[in-house]
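Please load the model in the viewer and keep a selection panel open. The tour proceeds by selections, each followed by an account of what is found there.

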Amino acid sequence: MELFEHPWTQKLQPLIELYRGKKHPLDYQNLYQLMVMVVLSAQDSDANINKIAPGFFEVYPNMQSLAASNIPAISSQITKVRNFNTKASWLLEIAQSLQTDDQIPLSMESLTALKGIGRKSANVIMREMNAPAEGIIADLHVIRVAPRMGLSAEFKDGNRIEKELMKNLPPEIWGEIGMAISFLGRETCRPTHPKCEHCVVQPHCQYAHSK
């Protein structure tokens, strides 16, 4: 699939500008909160994690308090989260490994070495903290929208989508383009009845031109 018959960098610029720097929907206040919420949000909704987060952070305001806890106590705070027992064990292992908030890393290799943090989660953390991009966020929205636009082949797997996007897009836009496509998928390029007439990428979109 030859993508660079077209200068995607220029064509995606309006989308990047539309969402540049827009905060992730997870309602975090600092890096510690972001890391915890990203781990909890795996296979769950951002809205659900935002609901339970304030109570959780009252009990566990920082990495030290989390490291001093145990799996049953942590689990009891997150029972409304999918796979809460597993996630409690991940959070405890991360906290006991790092011990303090200032030990939270901001590189792909170090983040993905932690329990429960894959490339998607690491990319989100690095983007939100303005760390240099080492990949492209490929969440459920990106997995749906990127192939629809013609930016990648149709894979169900986020790592495969990310790999193809990284191959086809220049590193200087990696930090913003994943989240920009994600926001587009949340707001405009919905799973059914996408609002193509309101889309800034519509002139260059494979799906829009196939209708």
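Helices, as the term is used here, are DSSP runs of H or I with at least four residues, numbered from the N terminus. The model is predicted.

**Gln-33**

Select Gln-33, which belongs to helix H2. Is this residue buried or exposed? Its relative accessibility is 13%, so Gln-33 counts as buried, the cut-off being under 20%. Display its side chain next: one of its polar atoms lies 2.9 Å from the backbone nitrogen of Gln-29. Beyond the neighbours within four places in sequence, Gln-33 is in contact with Asp-27, Tyr-28 and Phe-57.

**Helices H2 and H8**

Extend the selection to the whole of H2, residues 31–40, and add helix H8, residues 119–128. The description of such a pair rests on two quantities, the angle between the helix axes and the distance between those axes. For H2 and H8, the angle is about 160° and the axes are 10 Å apart. H2 is therefore roughly antiparallel to H8, a term that applies to angles over 145 degrees. The crossing of these two helices is right-handed.

Which residues of H2 and H8 meet? On the H2 side, show Leu-31, Leu-34, Met-35 and Val-38; on the H8 side, show Ser-121, Val-124, Ile-125 and Glu-128. Coloured by class, this contact comprises six nonpolar residues, one polar residue and one charged residue.

**Helix H9**

Move to helix H9, residues 140–149. Eight of its 10 residues are buried, so H9 is largely enclosed by the rest of the structure. To display the buried set, select His-141, Val-142, Ile-143, Val-145, Ala-146, Pro-147, Arg-148 and Met-149. Then add the helices against which these residues pack: H1 (8–19), H10 (158–168), H11 (174–187) and H12.

Both ends of H9 merit a selection. At the N-terminal end, Asp-139 acts as a cap, with a side-chain oxygen 3.1 Å from the backbone nitrogen of His-141. Just after the helix, Gly-150 adopts a positive phi of about 100°.

**Ser-210 in helix H12**

From H12, one of the packing partners of H9, select Ser-210; this helix spans residues 206–210. Ser-210 has a relative accessible area of 55% and is exposed, because the threshold for that class is over 50%. A polar atom of its side chain lies 2.8 Å from the backbone oxygen of Tyr-207.

For a final selection, pair Ser-210 with Ser-89, 121 residues apart along the chain. How far apart are the C-alpha atoms of Ser-210 and Ser-89? Their separation is 47 Å.

Notes
Residues numbered from 1 in each chain as written. Predicted model: local features only at pLDDT ≥ 70, side-chain atom pairs only at ≥ 80, totals over all residues. Heavy atoms only, no water. Axes fitted to C-alpha atoms, helices over the stretch in contact; angles between N-to-C directions. Parallel < 35°, antiparallel > 145°, perpendicular 65-115°, else oblique. Left-handed = near helix turned anticlockwise from the far one by under 90°. Contact = heavy atoms within 4.5 Å. Nonpolar A, V, L, I, M, F, W, Y, C, P; charged D, E, K, R; others polar. Buried < 20%, exposed > 50% of the residue type's maximum accessible area, 1.4 Å probe, protein only. Polar contact = N/O pair within 3.5 Å; in protein donor to acceptor, adjacent residues only side chain to side chain.
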